[in-house]
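This report introduces a predicted model. It considers a sheet, a helix and the nonpolar cores in turn.

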Amino acid sequence: MKQNVIVTCALTGAGDTTRKSGFVPISPGQIAASAVEAANAGAAVVHIHVRDLDTGQGSRDVALYRETVRRVRDSGVDVVLNLTAGMGGDLVLDDEDPLKPVDGTDLVNAADRLPHVEELLPDICTLDCGSLNFGEGHQLYVSTPDMLRAGAKRIQELGVKPELEIFDTGQLWFATKLIEEGLIDAPPLFQLCMGIPYGAPADPALLQTMVKMLPEGAQWASFAIGRDQMPWVAQSALLGGHVRVGLEDNLYLSKGVKATNGQLVERAVTILENLGATIATPDEARAQLNLKGADRATAR
């Protein structure tokens, strides 16, 4: 089991969850306050999406990222910033004419998924390592090999650590190709994402298989969604990984009891400490992941 575990809190995501829980943060102020809450509860890393202020849905608006990051950095609370770069991959097809995208489509090239990363230079940004049938209906997440190579190269040029988001075994296979091609700096950081329809199911045996597929020296974390979130904290740590919790992946502390991000982090910390692990500080996380350092954007 890994002895010093990095806890990431995924604060809000882009899913249609804001109507299901009043604790899901929407505005930059709410997201930043939730980041501070999570950090004070023991999260070394916060994973940040932003949301449209009118609809509550996920957004790629750089101004929203700018304000959110400024508020977190100005809070004085030390935490590693992990910004999503996965927005801009949504394709929804028309039932009668599959060549016609319909409402809900937000599909752009690799460069157009990164302007907030280029401006704000977070410690980490995500790189979703393949395409996926995203749940029921006609929605797909699109991230082709050439898109991924272009995105990985640009992220590398920026000096930002890519978190390789892995939703199935084929994506893990391709991510190792990016490493072999020199597009990912050591140590690579993997996030094994389990239970998202229709990617890798939340099966402990499958997680163990995926861990065995990781390249030597890789840093990795794993999470599962919904009711599997907290059991997965233990699963991941016992196999030598870091962990992720947060309202992006699960809204409940227990059956019928809605959670805050801080409460989910506190629960994860308790599980880890009961297993005998210590909780990594932000500086310890930076050292383990070989990050370039915080607040580079403010130093320019």
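## An open sheet

In this predicted model, 4 strands form an open sheet with antiparallel pairing, in the order E8-E7-E11-E10. The edges are taken by strand E8 (106-107) and strand E10 (132-133); each has a single partner strand, so one side of each is left without a neighbour in the sheet.

Strand E7 (residues 89-92) pairs with strand E11 (residues 139-141) over 3 bridges, in the antiparallel sense. Asp90 stands opposite Tyr141 in E11.

## Helix H9

Helix H9 spans residues 282-289, and Pro282, Ala285, Arg286 and Leu289 are buried in it. These residues lie on the same side of H9, because they cover an arc of only 100 degrees around the axis. The face turned away from the buried side carries Asp283 and Ala287, which are exposed.

The buried residues of H9 pack against five strands by name: E6 (80-83), E9 (124-128), E12 (161-166), E13 (189-194) and E14 (219-224). Just after H9, Asn290 takes a positive phi of about 55 degrees.

## Nonpolar cores

The largest nonpolar core has 41 residues, of which Leu11, Val46, Val233, Val265 and Leu272 touch the most other members. Among the elements that give two or more residues to this core are strand E2 (7-10), helix H1 (28-41), helix H7 (229-238) and helix H8 (261-274). Apart from this core lies another, of 33 residues, including Leu127, Ala152, Leu172 and Met210.

Leaving aside residues up to four places away in sequence, Leu11 touches Pro25, Ile31, Val46 and Leu247, among others.

Key
Residues are numbered from 1 along each chain as its sequence is written. This is a predicted model: local features need pLDDT of at least 70, side-chain atom pairs count only at pLDDT 80 or more; totals for chains, interfaces and linings use all residues. Side-chain values use heavy atoms; hydrogens and water are left out. Buried means under 20% relative accessible area, exposed over 50%, partly exposed in between (1.4 Å probe, protein chains only). The arc is that of the directions from the helix axis to the C-beta atoms. Contact means heavy atoms within 4.5 Å. A nonpolar core is a set of buried Ala, Val, Leu, Ile, Met, Phe, Trp, Tyr and Cys residues joined through side-chain atoms within 4.5 Å. Two strands pair if DSSP finds at least two bridges between them.
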